[in-house]
Amino acid sequence: MSLIDSLKQNYQVVGATAPYPTPQNLRELRGLLRQACLNRSVHQDLPYYCNWYSEYLTKVHNDENRSMSKTRGKARRMWAEQSLVYQDLIQLLSELSTELPGRDWGRLEEATDSLFELVDELLEAVQEMQDWTVSEEPRCLKCGWNGATGHCPHCQVQVLKPVRTFATQVNSYVTLAPHQSVVFTNLLSVLEGERDVSVLKAPLQKLASVYQDSLRELESAQHLEIARTGQENIYDALAGVSQMLRVFEDSDAQHLEDGWSMIFQADRANLAAVEEVNSGAGAVAAAYEIIRDQISLSNE
Ligand SMILES: [Zn+2]
């Protein structure tokens, strides 16, 4: 279940004893807490509900964090902020579940006020994330500016359609070869809105020419399986470069995300291919070197 669905639906709290009203969502829960403070009376089920929501939010947060922590750019920043709100909420609800029976009204009123603020913050953050990830409107990826001109006057970057679908199987915690590394570093800065998309053009063209060189060098080793596999993967990587370059046609940052994913997976496939073969001697060794050089740090 997506984060947004899980927050917008009404939760079904199990194990509650009637007739005290079961809070169907966080808004209702905070309403019950406010009521308890006003009445100076804590129903025996209320600490249970606080604990239930604390645990439920922990689960939702952990599920979302697995994929959202691997996103890039503005989406990742938005998630980082949202994650903090989650953690504060989880902590506060857990504290409330143990503090409620103590009936320290000053403290409980303060905690209830905090809960009102945190729930509003969470709902806003979720809405903001949803607006961002479904919108195809070009905007500054740093400040969100979406005025009439093609460049953000504040951040001096070309406006782009934000990434809507994240290739979360691709993470940044691998060592990249130098040309890929330049592309990736620039990609991150473009998706953050720190630099203009034009900084990607030359590195992408350079990477394409490196791939083309390797393809040519592998031509003479066509009789070897490792060479053929290497070429296939390099063709896939080149398709990824072309995909990324499409951003210059229609200003859609989704091409950057998709294309990088193709490059990354093609290189990873080549890495797996060279790890599988014994580098051996003669022609196999030569093909092995060509492919390995492209995906390892030895390629300068
Ligand atoms: Zn801007």
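These are my notebook entries on a predicted model of a helical protein chain.

**Entry 1: the overall layout**

I began with the whole chain. I counted up the secondary structure and got 11 helices and 0 strands. Reading along the sequence, I wrote the pattern down as α-α-α-α-α-α-α-α-α-α-α. Next I looked up burial: the chain has 300 residues, and 32% of them count as buried. I also looked at contact range. Taking contacts between residues at least 6 apart in sequence, I found that 66% join residues at least 24 apart.

**Entry 2: helix 4**

I turned to helix 4, which runs over residues 73–99. It has 27 residues. From its first C-alpha to its last it reaches 39 Å, close to the 39 Å expected at 1.5 Å a residue.

Which residues of helix 4 are buried? I listed Gly-73, Lys-74, Ala-75, Trp-79, Gln-82, Val-85, Tyr-86, Leu-89, Ile-90, Leu-93 and Leu-96. I noted with interest that Lys-74 and Gln-82 are in that list. Then I asked what covers these buried residues. The cover includes helix 3, helix 5 and helix 6.

**Entry 3: Ala-75, a residue of helix 4**

I picked Ala-75 for a closer look; its place is in helix 4. Is Ala-75 buried or exposed? I have it down as buried, because 20 other C-beta atoms lie within 10 Å and the cut-off for buried is 20 or more.

I then looked up its partners, leaving aside neighbours within four places in sequence. Ala-75 is in contact with Trp-132, Thr-133, Val-163 and Phe-166. Of these, Trp-132 and Thr-133 fall within helix 5, which covers 105–134. I also checked the pair Ala-75 and Glu-128: they are 53 residues apart in sequence, and their C-alpha atoms are 9.9 Å apart in space.

**Entry 4: helix 5 and how it meets helix 4**

Helix 5 came next. It has 30 residues and spans 43 Å from first C-alpha to last, close to the 44 Å expected at 1.5 Å a residue. Its buried residues are Thr-112, Leu-115, Leu-118, Ala-125 and Met-129. What do they pack against? My answer is helix 2 and helix 4.

I followed up the helix 4 side. The axes of helix 4 and helix 5 come within 9 Å and cross at roughly 155°. An angle over 145 degrees counts as roughly antiparallel, so I describe helix 4 and helix 5 as roughly antiparallel to each other. Their crossing is left-handed. The residues of this contact divide into 15 nonpolar, 3 polar and 8 charged.

**Entry 5: helix 6 against helix 10**

Another helix pair went on my list: helix 6 (residues 178–191) and helix 10 (residues 254–276). They pack at an angle of about 155°, with their axes 12 Å apart. Helix 6 and helix 10 are therefore roughly antiparallel to each other. I recorded the crossing as left-handed.

Which residues meet here? From helix 6 I wrote down Gln-180, Phe-184, Leu-187, Val-190 and Leu-191. From helix 10 they meet Leu-256, Trp-260, Ile-263 and Asp-267. The contact residues divide into 7 nonpolar, 1 polar and 1 charged.

**Entry 6: Glu-276, a residue of helix 10**

Staying with helix 10, I looked up Glu-276, which lies in it. Glu-276 has 9 C-beta neighbours inside 10 Å, so I count it as exposed. I also checked Glu-276 against Ile-226: they are 50 residues apart along the chain, and their C-alpha atoms are separated by 9.4 Å.

**Entry 7: two arginines with positive phi**

To finish, I looked at the backbone of two loop residues. Arg-40 has a phi near 50°, a positive value in a residue other than glycine. Where does Arg-40 sit? I placed it in the loop between helix 2 (26–39) and helix 3 (46–68). It counts as exposed because it has 9 C-beta neighbours inside 10 Å.

Arg-103 also shows a positive phi, about 55°, although it is not a glycine. I found Arg-103 in the loop between helix 4 (73–99) and helix 5 (105–134), the two helices whose crossing I described in Entry 4. Is Arg-103 buried or exposed? It is exposed, because 12 other C-beta atoms lie within 10 Å and the cut-off for exposed is 12 or fewer.

Technical notes:
Residues are numbered from 1 along each chain as its sequence is written. This is a predicted model: local features need pLDDT of at least 70, side-chain atom pairs count only at pLDDT 80 or more; totals for chains, interfaces and linings use all residues. Axes are lines fitted to C-alpha atoms, for helices over the stretch in contact, and angles run from 0 to 180 degrees between N-to-C directions. Angles under 35 degrees count as roughly parallel, over 145 as roughly antiparallel, 65 to 115 as roughly perpendicular and the rest as oblique. A crossing is left-handed if the near helix is turned anticlockwise from the far one by less than a right angle, and right-handed if clockwise. Two residues are in contact if their C-beta atoms, placed from the backbone, lie within 7 Å. Ala, Val, Leu, Ile, Met, Phe, Trp, Tyr, Cys and Pro count as nonpolar, Asp, Glu, Lys and Arg as charged, and the others, Gly among them, as polar. The expected span of a helix is 1.5 Å times one less than its number of residues.
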